[in-house]
Amino acid sequence: MTSIVKEFAGQRYVRIGEFKRERRDGTLATVLRWQSHCAECGDPFEITTPKASSKWQPNRRCQTHKRPGVRVKS
């Protein structure tokens, strides 16, 4: 698989894989796995996003530093 890199607000996200997940209706959805570095501490973390999503607004912090609704200070 070729590395796919996306950026969001100056933060890099590298696609590291994908997998299939069964939806409630029984159909399969492709889910993408991404890796980045926490905007607070710099530690690597992973997120998942639906492949079919048209919106790209990923988490910018690891589980330890997550703060929903609070913007990252640049």
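This section describes the fold, surface, charges and aromatic contacts of the protein chain in a predicted model.

The protein chain contains 4 strands and 0 helices. Read from the N terminus, its elements follow the order β-β-β-β. The C-alpha trace extends over about 40 × 30 × 20 Å along its principal axes. Of the contacts between residues at least 6 apart in sequence, 25% connect residues at least 24 apart.

The chain comprises 74 residues, 27% of which are classed as buried. Its accessible surface amounts to about 5,800 Å², and carbon and sulfur atoms account for 45% of this area. With respect to charge, 16 side chains are positive and 7 are negative. The centres of these two sets are separated by 6 Å.

Two aromatic residues, Tyr-13 and Trp-56, are both buried. The number of aromatic pairs in the model is 2. In the pair formed by Tyr-13 and Trp-56, the ring centres are 5.6 Å apart and the planes stand at 90 degrees; an angle over 60 degrees counts as edge-to-face, so this pair falls in that class. The two residues come from distant parts of the chain, being 43 residues apart. Tyr-13 belongs to strand E2, which covers residues 11-22, whereas Trp-56 is located in the segment that follows strand E4 (44-50). Ring pairs also bring in Trp-34, giving a cluster of Tyr-13, Trp-34 and Trp-56.

Trp-56 has a further contact, this one with a charged side chain. The charged end of Lys-6 is placed over the ring of Trp-56, at 4.5 Å from the ring centre. Trp-56 thus takes part in the ring cluster with Tyr-13 and Trp-34, and its ring also lies beneath the charged end of Lys-6.

The segment after E4 also contains Arg-71. The relative accessibility of Arg-71 is 75%, and the cut-off for exposed residues is over 50%, so Arg-71 is classed as exposed. In this respect Arg-71 contrasts with Trp-56, which is buried and is likewise found in the segment after E4. Between Arg-71 and Arg-60 the C-alpha to C-alpha distance is 9.2 Å, with a sequence separation of 11 residues.

Terms used
Residues are numbered from 1 along each chain as its sequence is written. This is a predicted model: local features need pLDDT of at least 70, side-chain atom pairs count only at pLDDT 80 or more; totals for chains, interfaces and linings use all residues. Side-chain values use heavy atoms; hydrogens and water are left out. Buried means under 20% relative accessible area, exposed over 50%, partly exposed in between (1.4 Å probe, protein chains only). Contact means heavy atoms within 4.5 Å. Accessible areas come from the Shrake-Rupley method with a 1.4 Å probe; for residues, only the protein chains shown count as cover. Lys and Arg count as positive and Asp and Glu as negative; His and the chain ends are not counted. The place of a charge is taken as NZ of Lys, CZ of Arg, CG of Asp or CD of Glu. Rings of Phe, Tyr and Trp (its six-membered ring) pair if their centres lie within 6.5 Å; planes under 30 degrees apart count as stacked, over 60 as edge-to-face and the rest as tilted. A charge sits over a ring if NZ of Lys or CZ of Arg is within 6 Å of the ring centre and within 35 degrees of the ring normal.
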